[in-house]
Amino acid sequence: MRLKDKRVLITGGARGIGLGIAERFIREGASVFLVDLREEQLTGAVEQLKKQAQSLPHGDSIHVHSAVCDLADAAQVERVAALAWDTLSGLNILINNAGIAVREPFTSIPYQRWLDIVNVNLNAMFLLSQVVTQRMIEEGIQGSIVNMASKNGLAGSSMLAHYNASKGGVVLLTQSMAVDLAQHGIRVNAVAPGFIDTPLDRELKKKEENPLDLTSRTPMRRLGTIEETANAFLFLASDEASYITGTTLVVDGGHLANAGEL
Ligand SMILES: NC(=O)c1ccc[n+]([C@@H]2O[C@H](COP(=O)([O-])OP(=O)(O)OC[C@H]3O[C@@H](n4cnc5c(N)ncnc54)[C@H](O)[C@@H]3O)[C@@H](O)[C@H]2O)c1
C-alpha cells in the first residue's frame, strides 16, 4: 500500500476529481477528511467511501470524515483546517483540489465573479496550505501537498480569463511554496489536467450553444478519466515522488504538446 496510515485533507471531495482522489487514496490505505460546499453530495460521498473502506482487508484502520465549508470564506477555511487536523490527529497530505469555472468573454466578466473564482481556486489554496504547513512544521511532520492546477494555467484559451489566471497563479504558488518549505521536509507539487470527464466539465459543455469538440486537438483523441487524474495525485503525494518538489505534472493526453497544430 502506497499511503498506509497517511492522513489526508481533500478539498472539493464531494464529487468529481476530488471524490476520485479520495477513493484512490483509500485503496492505498489512507484516511481522508473531505471538505466541500455541497452538503448532500458530501454526505453521499462519505457513505460511499466508508462502504469502500469496509470492503478492504485493511479497512479497520481507514477513517473517513468530512465538513461542509465555503472555501471562499477565510474564517471558514481556518476553522476547517483546525477541525481536520484535530479529527485525524494531524495531517501528512493536503490535496487542494476544489475549483470553479465559468465561461464568458473577457469584456463581460463581472468583477465579483473574478473575485469569486480567484478566491476559491487560488486564495483558499494559499490560506489552507499556510495553516496546515504551520502545524506540520510545529509538529515536525514531513508532509506533501498537491495542488490542482490545469492545462489552462500553462497556456491561454478563450472565455476563461479569470479561471486561467487563477490556475496560472496555482503553478507559481506551487513552485514558491516548494522552495520555502523544502527545508522543513514538505514537498509541494501540482497536477495540470487537460479535458477530464467530470460533472464540472459536463455542466460547462451544457451551457455552450455550440459545444466544442474538446478532443479535436488532443493527440490521444479522448477525454481523460477521473482515475487517470487521481493516479497523478497519488504518485506526487506518495513517497515514490520523494525527490520531486515544485513541479507541475501535466495529464492532458498530449494536448499542450500539440500547441503548434492549426
Ligand atoms: N474537469 C476538468 O476537465 C478539469 C480540468 C483541469 C482542472 N480541473 C480542476 O479540477 C478541480 C476539480 O474539478 P472537477 O471537474 O472535479 O469539478 P467538480 O465541480 O465536479 O468538483 C469540484 C468540487 O469543488 C467543490 N467546491 C466548489 N467551490 C467550493 C467552495 N467555495 N468551497 C468548498 N468546495 C467547493 C464543489 O462543490 C465540487 O464538489 C477544479 O479545481 C478544476 O478547476 C478540472
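The following exchange concerns how terms are applied to this predicted model.

User: How are residues numbered, and what limits apply to the model?
Analyst: Numbering starts from 1 along each chain as its sequence is written. The model is predicted, hence local features need pLDDT of at least 70 and side-chain atom pairs count only at pLDDT 80 or more, while totals for chains, interfaces and linings use all residues.

User: Why does the radius of gyration of the protein chain agree with a compact globule?
Analyst: The radius is taken over C-alpha atoms, and the globule rule is 2.2 Å times the number of residues to the power 0.38. For 262 residues a compact globule would have a value near 18 Å; the protein chain has 18 Å, so the two agree.

User: What makes His162 and Leu181 of α5 buried?
Analyst: A residue is buried if 20 or more other C-beta atoms, placed from the backbone, lie within 10 Å of its own (exposed: 12 or fewer; partly exposed: in between). His162 and Leu181 are among the buried residues of α5. What covers the buried residues of this helix includes α4, β5 (144-148), β6 (187-193) and β7 (248-251).

User: How does the span of helix α5 (residues 161-181) relate to the expected one?
Analyst: Helices are DSSP runs (H or I, at least four residues), and strands are E runs of at least two, numbered from the N terminus. The expected span is 1.5 Å times one less than the number of residues. Helix α5 has 21 residues and reaches 30 Å from its first C-alpha to its last, close to the 30 Å expected.

User: How many helices and strands does the protein chain have?
Analyst: The protein chain has seven helices and seven strands.

Note on methods. Two residues are in contact if their C-beta atoms, placed from the backbone, lie within 7 Å.
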